[in-house]
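User: I should like to study this model step by step. Please answer my questions in turn.

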Amino acid sequence: MSSPDIASILENSRELDRLRKEQEEVLVEINKLHKKLQATPEVVEKPGDNSLSRLKSLYIQARDLSEREVTISNLLLSQLDTFLPSGPPGQQRRKMDGNDQKRKRMKSDSDISRLSPSMRSHIEAFVSLKDEQVAARVTSDAEKDEWFVVKVINFDEKTKEFEVLDEEPGDEEEGSGQKKYKLPASCIIPFPKRNDPASTPEFPAGRQVLAVYPGTTALYKATVISTPRKVMIPCITHQCPKIDSGYLLEFDDDEEDGALPQRTVPFHKVVQLPEGHRQ
């Protein structure tokens, strides 16, 4: 990889660090307001009090930062795939002599040592996805991309590939057993955490997303009609956000009787639409 490529990765990782620090600062302010409202809820009834509007503004800021973090993270995933090529390393080693292998290994070690903590944390995040369900692009041809819900079996830190399991292959698949795939990081999108709605990016009405079609394990492009409803519930030390509804979506090519039906999908089954998606 050339120096400009390394510079771009480092610049994006620094931007990710900055976003996370800013998110932490916003979270501190949100928690301060939570404690204030929990201790003196009557304050919102006083003329001139702007606690609720301030809280709303902080949540919007947190959402925007989270969406920006997703964008930068996806960009870094693509850059990592280029920086850390997939495939069995043994195949390339057979084409090199011992000195070539040594020089290649020394260069690779040098490049990795220059990565920021954020880049190293991405590798750790990949490893932590073991046993989690994720969205995976398992096929890609000249006409369309196909995404399914799969379970992560393992992340190979050497080849930088995910081993995933399609637990419910379609009827058209040969055989009835479960199917395994080995995929690069660019083919994997983690789902939002069901038990952590505060860190979940919110896609506004009109935004195109990738979502699990109800009753299936396949993901398709859809347009957001309305966003999930958030409510505040008591936590141990403050009020916590909870999402008690799903996205209302219109899936592409889902026409019934000349119209697109609107379908509800849980927030943790909706992810950002990959750039260049073909359906």
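User: Where does D257 lie?
Analyst: D257 lies in a loop flanked by two strands; helices (H or I, at least four residues) and strands (E, at least two) are DSSP runs, numbered from the N terminus. The model is predicted: local features need pLDDT of at least 70, side-chain atom pairs count only at pLDDT 80 or more, and totals for chains, interfaces and linings use all residues. Residues are numbered from 1 along each chain as its sequence is written, and side-chain values use heavy atoms, with hydrogens and water left out. The place of D257 is the loop between β10 and β11.

User: Is D257 buried or exposed?
Analyst: The classes rest on relative accessible area: buried is under 20%, exposed is over 50%, and partly exposed lies in between (1.4 Å probe, protein chains only). D257, which has a positive phi of about 55° although it is not a glycine, has a relative accessible area of 84%. Because of that value, D257 counts as exposed.

User: Which residue in the loop between α5 and β1 has a positive phi and is not a glycine?
Analyst: The residue in question has a phi near 75°. With a relative accessible area of 52%, this residue is exposed. Its place is the loop between α5 and β1, and its name is D131.

User: Which residues does L260 contact, leaving aside its neighbours within four places in sequence?
Analyst: L260 is in the loop between β10 (247-251) and β11 (263-265), and at 36% relative accessibility it counts as partly exposed. Its C-alpha atom is 9.5 Å from that of L249, which is 11 residues away along the chain. Contact means heavy atoms within 4.5 Å. By that rule, the residues in contact with L260 are E250, F251, D254 and E255.

User: How many helices and strands does the chain have?
Analyst: Of the 279 residues of the chain, 37% count as buried. Among contacts with a separation of 6 or more, 59% come from residues 24 or more positions apart. The chain has five helices and 12 strands.

User: Which residue's side chain meets E15 in a salt bridge?
Analyst: A salt bridge is a side-chain nitrogen of Lys or Arg within 4 Å of a carboxyl oxygen of Asp or Glu, and the structure holds 12 of them. In this case the distance from N to O is 3.7 Å, and the partner of E15 is R68. The pair links distant parts of the chain, 53 residues apart, with E15 in helix α1 (residues 3-39) and its partner in helix α2 (residues 51-83). E15, R18 and E22 are also linked in a network of salt bridges with this same partner, R68.

User: Is E69, whose side chain meets R20 in a salt bridge, buried or exposed?
Analyst: The salt bridge between R20 and E69 spans 3.0 Å from N to O. It links R20 in helix α1 with E69 in helix α2, 49 residues apart. R20 is partly exposed, with a relative accessible area of 28%. E69 has a value of 17%, so E69 is buried.

User: How do the rings of F126 and F162 lie, and what is the pair called?
Analyst: Rings of Phe, Tyr and Trp (its six-membered ring) pair if their centres lie within 6.5 Å; planes under 30 degrees apart count as stacked, over 60 as edge-to-face and the rest as tilted. The structure holds six aromatic pairs. In one of them, F126 and F162 have ring centres 5.5 Å apart and planes at 70°, so the pair is edge-to-face.

User: Which strand gives the most to the largest nonpolar core?
Analyst: A nonpolar core is a set of buried Ala, Val, Leu, Ile, Met, Phe, Trp, Tyr and Cys residues joined through side-chain atoms within 4.5 Å. The largest has 20 residues, and those with the most contacts inside it include F126, V138 and F162. Helices α2 and α5 and strands β1 (133-140), β2 (145-156), β3 and β4 (179-184) each supply at least two residues. With four residues, the strand that gives the most is β2.

User: Which residues does F126 touch, not counting those up to four places away in sequence?
Analyst: F126 is buried, and so is F162. Ring pairs link F126, F155 and F162 into a cluster. The residues that F126 touches are L77, L80, F155, F162 and A185.
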